Amino acid sequence: MNEDTLKLLYQLEEESIPSTIQNIEKALKISSGKTDELITTLEKTGLIARVDNKIELTTEGRNYSLQVIRNHRLWEKFLADETSTKEVDWHTEAEHAEHT
């Protein structure tokens, strides 16, 4: 879930959408308690910072989220080129594989 949160924060940042607790809860479909737990964990590891009621990726967090996004895309490419996985399933399969 930490990696999904980082990917989301990167996406929100790229789209100039405020990274608020509410936006994270809504996008990830998780409770406020789970969101608080995730944010606290990521903050302790130095991947995010709270700034003016928003959550921002640190440089390390941005680099990590880009790594996760790249892994996801590589998995999709692998599934497309090297397996008989249906195109409709590439994203879902890559979502599972990127965390390994």
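This section describes the fold, surface and selected residues of a predicted model of a single chain.

The chain contains five helices and two strands. Read along the sequence, these elements follow the order α-α-α-β-β-α-α, with the two strands placed between the third and fourth helices. The C-alpha trace extends over about 45 × 25 × 25 Å along its principal axes. Of the 100 residues in the chain, 33% are classed as buried. When contacts between residues at least 6 apart in sequence are considered, 47% of them join residues at least 24 apart.

The surface exposed by the chain amounts to about 6500 Å², and carbon and sulfur atoms contribute 48% of this area. The chain carries 12 positive and 20 negative charges. The mean positions of these two sets of charges are 2 Å apart.

Helix 1, formed by residues 2-14, packs with helix 2, formed by residues 21-28. The angle between the two helices is about 120°, and their axes are 11 Å apart. The crossing of this pair is right-handed. On the side of helix 1, the residues that meet helix 2 are Asp4, Thr5, Leu8, Leu9 and Leu12. Their counterparts in helix 2 are Asn23, Ile24, Ala27 and Leu28.

Tyr10 also belongs to helix 1. With a relative accessibility of 16%, Tyr10 counts as buried, because the class comprises residues under 20%. Apart from neighbours within four places in sequence, Tyr10 is in contact with Leu57, Arg62, Ser65, Leu66 and Ile69. One of these partners, Arg62, is separated from Tyr10 by 52 residues in sequence, yet the C-alpha atoms of the two residues are 6.7 Å apart in space.

Ser65, a contact partner of Tyr10, is located in helix 4, which covers residues 59-82. Its relative accessibility is 0%, and Ser65 is therefore assigned to the buried class. Beyond residues up to four places away in sequence, Ser65 touches Leu6, Lys7, Tyr10 and Leu57. Leu57 thus appears among the contacts of Ser65 and among those of Tyr10. A further relation links Ser65 to Leu9: the two residues are 56 apart in sequence, while the distance between their C-alpha atoms is 8.4 Å.

Glu43 is situated in helix 3, which comprises residues 32-44. The relative accessible area of Glu43 is 32%, so this residue is partly exposed. Excluding neighbours within four places in sequence, the contacts of Glu43 are with Ile48 and Arg50. Strand 1 covers residues 48-51, and both of these partners are therefore placed in that strand by their numbering. With respect to Tyr10, Glu43 is 33 residues away in sequence and 15 Å away in space, C-alpha to C-alpha.

Two loop residues have backbone angles that merit separate mention. Most residues other than glycine have a negative phi. Lys29, by contrast, has a phi near 55°, a positive value in a residue other than glycine. Lys29 occupies the loop between helix 2 and helix 3. The relative accessible area of Lys29 is 75%, and this residue is therefore exposed, the cut-off for that class being over 50%.

Asp52 likewise has a positive phi, near 50°, and is a residue other than glycine. Asp52 lies in the loop that separates strand 1 (48-51) from strand 2 (54-57). With a relative accessible area of 70%, Asp52 is also exposed. Positive phi values are accordingly found in the loop between helix 2 and helix 3, at Lys29, and in the loop between the two strands, at Asp52.

Definitions and conventions
Residues are numbered from 1 along each chain as its sequence is written. This is a predicted model: local features need pLDDT of at least 70, side-chain atom pairs count only at pLDDT 80 or more; totals for chains, interfaces and linings use all residues. Side-chain values use heavy atoms; hydrogens and water are left out. Helices (H or I, at least four residues) and strands (E, at least two) are DSSP runs, numbered from the N terminus. Buried means under 20% relative accessible area, exposed over 50%, partly exposed in between (1.4 Å probe, protein chains only). Contact means heavy atoms within 4.5 Å. Accessible areas come from the Shrake-Rupley method with a 1.4 Å probe; for residues, only the protein chains shown count as cover. Lys and Arg count as positive and Asp and Glu as negative; His and the chain ends are not counted. The place of a charge is taken as NZ of Lys, CZ of Arg, CG of Asp or CD of Glu. Axes are lines fitted to C-alpha atoms, for helices over the stretch in contact, and angles run from 0 to 180 degrees between N-to-C directions. A crossing is left-handed if the near helix is turned anticlockwise from the far one by less than a right angle, and right-handed if clockwise.
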